[in-house]
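Work through the two exercises below with the sequence and the model in view, and try each task before reading its solution.

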Amino acid sequence: MFIEYLQHLIYGYYPYLAGTVFLVGSLLRFDYGQYTWKTGSSQMLSSKNMRLASNVFHIGILVIFFGHLFGMLTPHWIYAPFISAGAKQIVAIVIGGIAGVMVLIGGGMLLYRRLYNPRVKASSSTMDTLILAILVLQAALGVTTVFFSLGHLDGAMMLTLASWAQAIVFFSGGAADYMADVAWIYKIHVFLGLTIILLFPFSRLVHVWSIPFGYVTRRYQLVRKRG
């Protein structure tokens with residue numbers, strides 16, 4: 001009885017709590033904390049391996065984000081005529097596995113830098129280090145799920161998790177029931193993902209709202225030396 005209650009709490013109600021904090025917290029952060037709305041780059045403090053680690057980390061994160069966004073929220077009937085669930089899962093395993101390893105490597109390098117570089121550590125907040133550590137841990141869990149997924153390549157587990165995500169996003173009801181028979185590794189992975197969403201407004205992750213699309217369309221500027 002307690003396990004069933006906990007399951008509904010975590011996978012039925014917690015997503016909406018995390019989503020509400022994510023949206024409301026981001027708006028409040030933008031209104032009342034605009035001077036904190038930044039990446040807080042520490043490259044000037046120490047640039048050793050910074051560019052490599054940051055690029056590898058961010059590319060991996062972007063691939064994982066959009067892969068989960070479209071992979072989890074696209075109804076099966078849309079892609080069923082073109083690709084089977086099993087084939088889609090294999091694609092997800094390959095691409096997601098590579099991206100996960102990239103996040104592990106890049107994020108691990110950045111985390112090591114924050115923990116053991118004195119100058120960077122001194123300028124890092126507790127949340128800076130915590131959110132980066134959680135992202136690295138989440139990537140490790142994601143890579144671990146690959147080995148579990150190799151045991152059932154029919155795509156059934158992927159469809160179950162997608163059904164849960166779609167039930168949450170589209171307010172279908174009964175979302176937690178989809179998680180009843182899901183392996184523990186997926187449950188932890190989902191829970192940690194929701195926790196990242198919950199912590200989003202309180203961390204430097206808010207800078208993703210400020211993607212500089214204007215750089216693509218703005219006019220080229222000429223800078224000339226005086227006299």
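The expected span of a helix is 1.5 Å times one less than its number of residues, and helices are DSSP runs (H or I, at least four residues) numbered from the N terminus. The model is predicted, so that local features need pLDDT of at least 70, side-chain atom pairs count only at pLDDT 80 or more, and totals for chains, interfaces and linings use all residues. Residues are numbered from 1 along each chain as its sequence is written, and side-chain values use heavy atoms, with hydrogens and water left out.

**Exercise 1.** Compare the span of α7 with its expected value, and describe how α7 is placed against α2.

Solution. Begin with the length: α7 has 14 residues and reaches 20 Å from its first C-alpha to its last, close to the 20 Å expected. Next, the axes of α2 (residues 50–73) and α7 (residues 156–169), which are lines fitted to C-alpha atoms over the stretch in contact, with angles running from 0 to 180 degrees between N-to-C directions, come within 8 Å and cross at roughly 90°. The two helices are therefore roughly perpendicular (65 to 115 degrees). Their contact (heavy atoms within 4.5 Å) is made by Gly71, Met72 and Leu73 of α2 and Leu161, Ala162, Ala165, Gln166 and Val169 of α7.

**Exercise 2.** Decide whether Gly100 is buried or exposed, and find its contacts outside its sequence neighbourhood.

Solution. Gly100 lies in helix α4, and with a relative accessible area of 4% Gly100 is buried (under 20%, with a 1.4 Å probe and protein chains only). Beyond its neighbours within four places in sequence, Gly100 is in contact with Ile64, Ala139 and Val143.

Methods:
Angles under 35 degrees count as roughly parallel, over 145 as roughly antiparallel, 65 to 115 as roughly perpendicular and the rest as oblique. Buried means under 20% relative accessible area, exposed over 50%, partly exposed in between (1.4 Å probe, protein chains only).
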